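Student: I would like to take a close look at one part of this protein. Could you walk me through it slowly?

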Amino acid sequence: MTSYVKIGKTIYRICAGLAILSAICTLSVTPVMAADTDFQAQAEERKNEPIQTDEYKDWPAGPKIGAEAAVLMEIHTGTVLYAKNMDEKLYPASITKMLTALIAIEKCDMDEMVTFSQAAIDSINWREDANIGIGAGNSITMEQCLYGLLVGSANEVAYAIAEHISGEGNIQGFAELMNEKAASLGCRNSHFVTPNGIHDEDHYTSAYDMALIAQAFYSDELLTKMASTTSYHIPKTSTQPRDDMTVYAKSKLHKGKEYEYEYLVGTKTGYTEAARQTLVSCAEYGGLRTVCVILKEEAPAQFTDTIELFDYGFNNFKAVNISGNDRTYVIQSLNFFSTGSDIFGSSKAILQMNRSDYVVIPVDADFSETVSEISYDDLKKDTIARIDYYYNDVYVGSGNVEAAKEEQPIFDFGSKPEKSMESNDSESIKIINLRAVLQIVLASALALIIIFGIRSFIVSRFIKNRKRGLKHKYKTSGTKNLDWKNFIK
């Protein structure tokens, strides 16, 4: 009987222990699950927040997404196709590395050797932070560093690049370069502290600022190639003794991944506890090359948000070439000249619009619905003037006026413009403001005329006086058999 009692007590203790263990596990797991549920609920609520571009007149309605902030921008024109809280200051996490890469490619040759200091190795949490597993004192090329930075999102690599450019231990100096570069690109709501995006309360950006950084990033061919790479191997060398250093891209938009996007050009992920999921991607289709920025989203919606925005852009907007469609405002005259011929009566063009420039407007809009303004400020090299175009007060692109190339006319009049322009024959073509140039030419010509007039007057007076003197001498000399006219010759 006693043995049964002992067995019963033992079973009871085991059951009680299991119950306590279960309660402990429940207490430890429940807060995490609840926190995760809260994040997802917050993302769901954010879908009801207003979309800035929906307020534009006759602009296509954008998708409702859970990201706190987002921007879809066309790279060539800088036209913002979609915007949600685009100026809100948020944490970028690892998409910061795009700015770090921009500075590195501007200041360094790709074959420069970058040595990893002990400070770079100690700067990260090796269990949690993305890294390439390199050791202190090892060296790899800058090109290998950039692949490690952009493909593997390696945090110690960002630190090493910063030290290589600004000096060992001088991360603050590199941060100053980051902020200078961001400002030069037009960023107004950003402040960078770290080269890798590891959380710092004073390290932030906005969706629009990040789009400007991405615009510059994806204008560089090598950086674009790196951002499109899914894996990269750094081989063993005398300065890098490890046998295998292979990094893999984390974005699921790449080919063969769960959210593969057919028109993807490149992509860069980011995540910290405070920033949540961030993502910057580039895609190209139908003559449009766009960048999409997602800030503060929950996985995996950063990928689905991006796909929705890319599809929204490609389905609702079109690129319209300026030189092939602008018949009435080719080149502004500003109170000087307005005619169908150039000022010298020649059929050859003096100036032309850059043939590759275009505007981006809604698919159901017509080019004739745009209005334009001419500017002579902040021009690109070899550009005489810039014409900015607006659709219902929204900037949609610019055309650069350049000196015409002899082999190219201003327009190919054989090409068919948009239908609204076909009946516009009665309107004259306006020619660029040449007033300043012609004023200089006319002033110079007038000055030459005056100079030659004065010279002719002086010479004439001199000859006339000389003839009078010689005539008088002839008459008083007694030489009567000579013709005085021949005498003075």
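Student: How many of the residues of α2 are buried?

Tutor: Happy to help, and please keep in mind that this is a predicted model. Helix α2 is mostly covered, with 9 of its 11 residues buried. Going along the helix, the buried ones are K97, M98, L99, T100, A101, L102, I103, A104 and I105.

Let us look at what surrounds this helix. Helix α2, residues 97-107, is part of what covers the buried residues of α6, and α5 (155-166) is another part of that cover. On the α6 side, the residues tucked away are I171, G173, F174, A175, M178, K181 and A182.

You can also check the length of α6 for yourself. The helix has 14 residues, 171-184, and at 1.5 Å a residue it should span 20 Å. The expected span is 1.5 Å times one less than the number of residues, so one residue is left out of the multiplication. In the model the end C-alpha atoms of α6 are 20 Å apart, which agrees with the expectation. Just after this helix comes G186, which takes a positive phi of about 105°.

Now return to K97, one of the buried residues of α2. K97 is among the residues that S153 touches, and the others are S94, A130, G148, K250 and K268, leaving aside residues up to four places away in sequence. You will find S153 in the loop between α4 (142-150) and α5. S153 has a relative accessibility of 4%, so this residue counts as buried, because the cut-off for buried is under 20%. The side chain of S153 also makes a polar contact with the side chain of S94, at 3.5 Å.

From here we can widen the view to charged pairs. Side chains of opposite charge can pair when their charged atoms come close. The count for this model comes to 8 salt bridges. In one of them the side chains of E68 and R46 meet, at 3.8 Å from N to O. This pair links distant parts of the chain: R46 is in helix α1 (2-46), E68 is in the loop between α1 and β1 (69-74), and they are 22 residues apart. Both partners, E68 and R46, are buried.

Compare that with the salt bridge between E258 and K252, where N and O are 3.7 Å apart. E258 has a relative accessible area of 58%, so E258 is exposed. K252, at 34%, counts as partly exposed.

A further salt bridge joins E273 to R276, with the closest N and O atoms 3.8 Å apart. Here E273 is exposed, at 57% relative accessible area, whereas R276 is buried, at 7%. E273 and R276 also belong to a network of salt bridges with E298.

Finally, let us visit the surface. L446, I450, I454, F457 and I458 form a nonpolar patch there, with about 530 Å² of accessible area together. One member, F457, lies in helix α10, residues 435-476. F457 has a relative accessible area of 56%, so F457 is exposed, because exposed means over 50%.

To come back to your question, α2 has 9 of its 11 residues buried, and α2 itself helps to cover the buried residues of α6.

How values were computed: Residues numbered from 1 in each chain as written. Predicted model: local features only at pLDDT ≥ 70, side-chain atom pairs only at ≥ 80, totals over all residues. Heavy atoms only, no water. Helix = DSSP H or I, 4+ residues; strand = E, 2+ residues; numbered from the N terminus. Buried < 20%, exposed > 50% of the residue type's maximum accessible area, 1.4 Å probe, protein only. Contact = heavy atoms within 4.5 Å. Patch = residues over 30% accessible without salt bridge, like charges linked within 9 Å, V, L, I, M, F, W, Y side chains within 5 Å. Areas by Shrake-Rupley, 256 points an atom, 1.4 Å probe, with all protein chains shown as cover. Salt bridge = Lys/Arg side-chain N within 4 Å of Asp/Glu carboxyl O. Polar contact = N/O pair within 3.5 Å; in protein donor to acceptor, adjacent residues only side chain to side chain.
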